[in-house]
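Reader: I am new to this one, and I would love a friendly walk through it. Could you show it to me before we start?

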Amino acid sequence: MTTPGTGQHPPVILIVDDDEGHAILVQQNLEAAGLSNRFEHFTDGQAVLDFFFHHGPNRHSQPGETYLILLDIRMPKIDGIEVLRQLKSDPELHKLPVIVLTTTDDSREVERCHELGCNIYIQKPVDYDKFAEAMRRLGLFMSLLLVPPVKG
Amino acid sequence: MAPNDYHSLSKEALVTRLENFEREASESQRDLVVALRELRDVKAALDEHSIVVITDPSGKITYVNDKFCAISRYSREELIGQDHRIINSGFHSKEFFRELWTTIGRGKVWHGEIRNRAKDGTYYWVDTTIFPFVDEAGKPRQYIAIRTDITRRKADEMVLQQFASDLAEKNKELETIVYTVSHDLRSPLVNVQGFGKQLQKACEKIQTAVSSASNGQVPVEVLKQPVESAIPQALKFINAGVSKMEMLLAGLLRFSRLGRVVLNIQPLRMNPMLNELVAATKFQMNEAKADVVVEALPDCLGDRGQTSQVFANLIDNALKYRSPDRPLLITVRGRKDEDQAIYSVADNGIGIPVEHQPKIFEIFHRLNPTGTPGEGLGLTIAQRVLERQKGRIWVESKPGVGSTFYVSLPAART
C-alpha cells in the first residue's frame, strides 16, 4: 500500500503498549483489515520518547520516514499522557498523528487526551468480536490517512 | 392629674383627696420596687449566661460584667475606658469591622461571630449581638453588646471541616484506585478473550483437517501452524492473563484489608527492629555481597508489625533494584525533628529518574515490570500503612547513584 497521492510508502505504525498480547492482537487485526504497514512495538512511554527524541542507545526515528502512533495510557515509567504531552509540545513532533488506544473509557481521560492534542481516542473493547470489529474499522480508516513526515 | 380646685373644696373633700394621693403614691412606689426587682433578676440571669459590655458612642468601654473579665482575662480596671482593640485578634478584616460600625452607627442591631484575643494570648470566639441605644435625633447614645462563648463550637466546626477535606481527598484517592484497577483488570481480559478466539480458530483448523482426512491420515503441514505456533502462543497469553488477574485481585484484597487492621500504636525501639529485619535478609545479602549499616535510630510511635513491614519492604526494594556495577550498600539513619522521627534508607542502586518518581507510590505501578518480580504494591502499601500511623514516606533519588527513602513517624516521647 502506498499513501494515496504522495507516492510515499505507508507510515510505520508504532504500537506503544506494555502488554505484548495486546500488541499482537492489534497488529493481527489491523493486518487482517488489509494494512501492510510496517509495525514496531514499544513497551513503555520512555522507549517511544527515546525513539523520537533520539535519546539512549536503542532504535531512533529515521529522517524522511512517516509514523503513526497507537498509544496506550497506563504504562510503566512514563505513561501515555506524558508521551502525548511531550510529543504535542514539540514544534516538529506535534505533527505526528496519535491515536490513543486504551482499555478505559473514562470521560475525563478522553477529555484530557484531546486537550493534550491526541487526534483520536479509541477504547479497546474487552469483548473480542467488538475488538476485532474496532480494529478492522481502524485499519480501514488508517489506510486513508495522509501522514506528514517529521524531521527527527 | 387632679384639677387645681383646692380653694373651692370642703375640708372633708380635701382630706379625702389627700388620702387618695398618699395611697396612689405608695402604690406606684411599690410598682417601681417590683419592676426594679424584676430588672435586677433579669440582669443577674443575663450576667450568668452572657458576656455583657456597654460602650459609649465612640466605642469606649463604660461597663463590663464579670463574664467579660473572666473570658478576656483582663480586670475591670484594665478594660474601662479602653476600646475593643484591646481584645482584637487580628483574625477579621478591616471591612468586617467597618461593616459592624456602619450598621450600629445607623442605629441598627448587628449580629455576628467574632474571634477575640484574651490577655494571655489565647483566642476565643463569641456570638455577638450589639444593640445601639439612640437619642431623639436617632444618634447612638450607647451600645450594649451581649455575647456567648462559642469557642468550643468553632473548634468542633474546624475539626469537622478538616474531616470533610480529608474525606474528599480519600474519595479522590479511592477513585484513582478504582480507575487504575479497572484498567489493569481489563487488560488481561482483552488477552484472554482475544487469544481464546485464536485458540478456537486453531482448533477449528485442526477439526477441518481431521474431518477432511479421507484416509485417516492428517497432513502434517496443515497441523504445523496451529500446533506449533498459534496454540502455544494463545495458551501463553491466556495463562499469563489469568495469573495477572489473580495477582491483581489478591493484591487489591491485601490493600483493602490494610484499612481494617486494628493498629496497636506503641513506642517502638527501632534499632532492635532494624537489626532483626537485617538478620532475616542475611542470606540474600550475602548472596548479593551486600552490606547494611544501621546507625543509631530514634524511637518512634507506631504499630510494630506494620512499621516493620514498611522497613522490610524498603530493604527488599534496595536489594531488588541494586546496581550490577557495584556491591550494594544500604545505610539506615534516623534523626529527631521536633515531634517527628525521620528515618532514611539509602542505597547505591540503580536509582529512579525524577520524571518516574511520582509514579512509584501508585497502586500496581511498576517501573520495570519485566526485569524484577513483584506486583507493584509494596510502596503503595507502605504509604498507606504510614498514613494510618500519622507518618509519611517520600523519596530522593538519582539515576545511577542510588535512592534514599525517607519515613517519618511521630517520635516517641522521652
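Reader: In what order do the strands of the antiparallel open sheet in chain B come?

Author: Welcome! Keep in mind that this is a predicted model. The sheet is open and has five strands, with antiparallel pairing. Its edge strands are β2 (61-64) and β3 (110-117) of chain B, each pairing on one side only. The twist averages 30° from one strand to the next. Reading across, the order is β2-β1-β5-β4-β3 (chain B).

Reader: Which residue of β4(B) is the bridge partner of B:Asn116?

Author: Start with the edge strand β3(B), which is joined by eight bridges to β4 (residues 123-134) of chain B. The two strands run antiparallel. Within β4(B), the partner of B:Asn116 is B:Tyr124.

Reader: Chain B has a mixed open sheet too; which strands stand at its edges?

Author: This sheet has five strands in the order β7-β9-β10-β12-β11 (chain B), and its pairing is mixed. Here the twist averages 15° from one strand to the next. Two of the strands have a single partner strand each, so one side of each lacks a neighbour in the sheet: β7 (291-294) and β11 (392-398) of chain B.

Reader: Which residue stands opposite B:Lys398?

Author: Look at β11(B) and β12 (residues 402-410) of chain B, which pair over seven bridges in the antiparallel sense. In β12(B), the residue facing B:Lys398 is B:Gly402.

Reader: What angle does helix α9 of chain B make with β10(B)?

Author: Helix α9 (residues 304-320) of chain B packs on the mixed sheet. The helix touches β9 (329-337), β10 (340-346) and β12 of chain B. Its direction and that of β10(B) make an angle of about 25°.

Reader: Turning to the largest nonpolar core, which residues touch the most other members?

Author: Several elements of chain A each supply at least two residues of this core, among them β1 (12-16), α2 (45-53) and α5 (128-144). As one example of the packing, A:Val48 is in contact with A:Leu14, A:Val16, A:Phe42 and A:Val83, leaving aside neighbours within four places in sequence. Of the 38 residues in the core, those touching the most other members are A:Leu14, A:Val16, A:Val48, A:Leu70 and A:Leu71.

Reader: And which element gives the most to the side of chain B that touches chain A?

Author: In this interface, 20 residues of chain B are in contact with 17 residues of chain A. The chain B side divides into seven nonpolar, nine polar and four charged residues. Both α5 (151-211) and α6 (220-258) of chain B supply at least two residues of that side. With twelve residues, the element that gives the most is α5(B).

Note on methods: Residues numbered from 1 in each chain as written. Chains lettered and ligands numbered in written order. Predicted model: local features only at pLDDT ≥ 70, side-chain atom pairs only at ≥ 80, totals over all residues. Pairing = 2+ DSSP bridges. Helix = DSSP H or I, 4+ residues; strand = E, 2+ residues; numbered from the N terminus. Axes fitted to C-alpha atoms, helices over the stretch in contact; angles between N-to-C directions. Core = buried A, V, L, I, M, F, W, Y, C linked by C-beta atoms within 7 Å. Buried ≥ 20, exposed ≤ 12 C-beta atoms within 10 Å, placed from the backbone. Contact = placed C-beta atoms within 7 Å. Nonpolar A, V, L, I, M, F, W, Y, C, P; charged D, E, K, R; others polar.
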